[in-house]
Amino acid sequence: MTEIVLMSDPRVAAVPVADCGGPLVDVRLQESLAVDARRADDTGAFAHLRESVLARLLRAQRSLPDGYGDRYWALATGAGGALYGPRERG
């Protein structure tokens, strides 16, 4: 049986992280994504992602099967986490 490793597992925290130095972008400026501002901070860091991460997020959003466009997902950021999801079209 495959072992499930939770994000809170010390082995996850032990994985070294290296900053790629890519530019940060404000997700709030992306028309196709909505940002839940309940975790907003004074600097707006909660809504910033690396440009490459945003590109992958948008690609994943476009790949969702029909019927999943109303779902939201959480991404952990340096500010503790923010919710991102598709903007409602009206």
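**Figure 1. Glu3 sits out in the open and pairs with Arg11.** At 55% relative accessibility, Glu3 counts as exposed. In this predicted model, Glu3 makes a salt bridge to Arg11, with 3.0 Å between the closest N and O atoms. Arg11 itself is partly exposed, because its relative accessibility comes to 45%.

**Figure 2. Arg11 has a second acidic partner, Asp9.** Here the salt bridge runs between Asp9 and Arg11, and the closest N and O atoms are 2.8 Å apart. Asp9 has a relative accessible area of 17%, so this residue is buried. Put the two views together and you get a salt-bridge network linking Glu3, Asp9 and Arg11. As a general point, side chains of opposite charge can pair when their charged atoms come close.

**Figure 3. Asp26 pairs with Arg28.** Look for Asp26 in strand β1, which covers residues 24-26. Is Asp26 buried or exposed? With 18% relative accessibility, Asp26 falls under the 20% cut-off and therefore counts as buried. Its partner Arg28 is partly exposed, at a relative accessible area of 38%. The two form a salt bridge, the closest N and O atoms lying 2.7 Å apart. Their side chains also show up as a polar contact, again listed at 2.7 Å. Setting aside neighbours within four places in sequence, Asp26 is in contact with Ala47 and His48. For the overall tally, the model has four salt bridges, and the Asp26 to Arg28 pair is one of them.

**Figure 4. Six residues make up the largest nonpolar core.** The members to pick out are Val27, Leu33, Leu49, Leu54, Leu57 and Leu58. Which helix gives the most to this core? That would be helix α2, residues 51-63, with three residues. Zoom in on Leu58 and you'll find Gln30, Ser32 and Leu33 touching this residue, leaving out anything up to four places away in sequence.

**Figure 5. Stepping back, the protein has two helices and five strands.** Read along the sequence, these elements follow the order α-β-β-β-α-β-β. The protein has 90 residues, and 24% of them count as buried. About 7000 Å² is exposed, with carbon and sulfur atoms supplying 56% of that area. Among contacts with a separation of 6 or more, 54% come from residues 24 or more positions apart.

How values were computed:
Residues are numbered from 1 along each chain as its sequence is written. This is a predicted model: local features need pLDDT of at least 70, side-chain atom pairs count only at pLDDT 80 or more; totals for chains, interfaces and linings use all residues. Side-chain values use heavy atoms; hydrogens and water are left out. A nonpolar core is a set of buried Ala, Val, Leu, Ile, Met, Phe, Trp, Tyr and Cys residues joined through side-chain atoms within 4.5 Å. Buried means under 20% relative accessible area, exposed over 50%, partly exposed in between (1.4 Å probe, protein chains only). Helices (H or I, at least four residues) and strands (E, at least two) are DSSP runs, numbered from the N terminus. Contact means heavy atoms within 4.5 Å. Accessible areas come from the Shrake-Rupley method with a 1.4 Å probe; for residues, only the protein chains shown count as cover. A polar contact is a pair of N or O atoms within 3.5 Å; within protein, one must be able to donate a hydrogen and the other to accept it, and residues adjacent in sequence count only if both atoms are side-chain atoms. A salt bridge is a side-chain nitrogen of Lys or Arg within 4 Å of a carboxyl oxygen of Asp or Glu.
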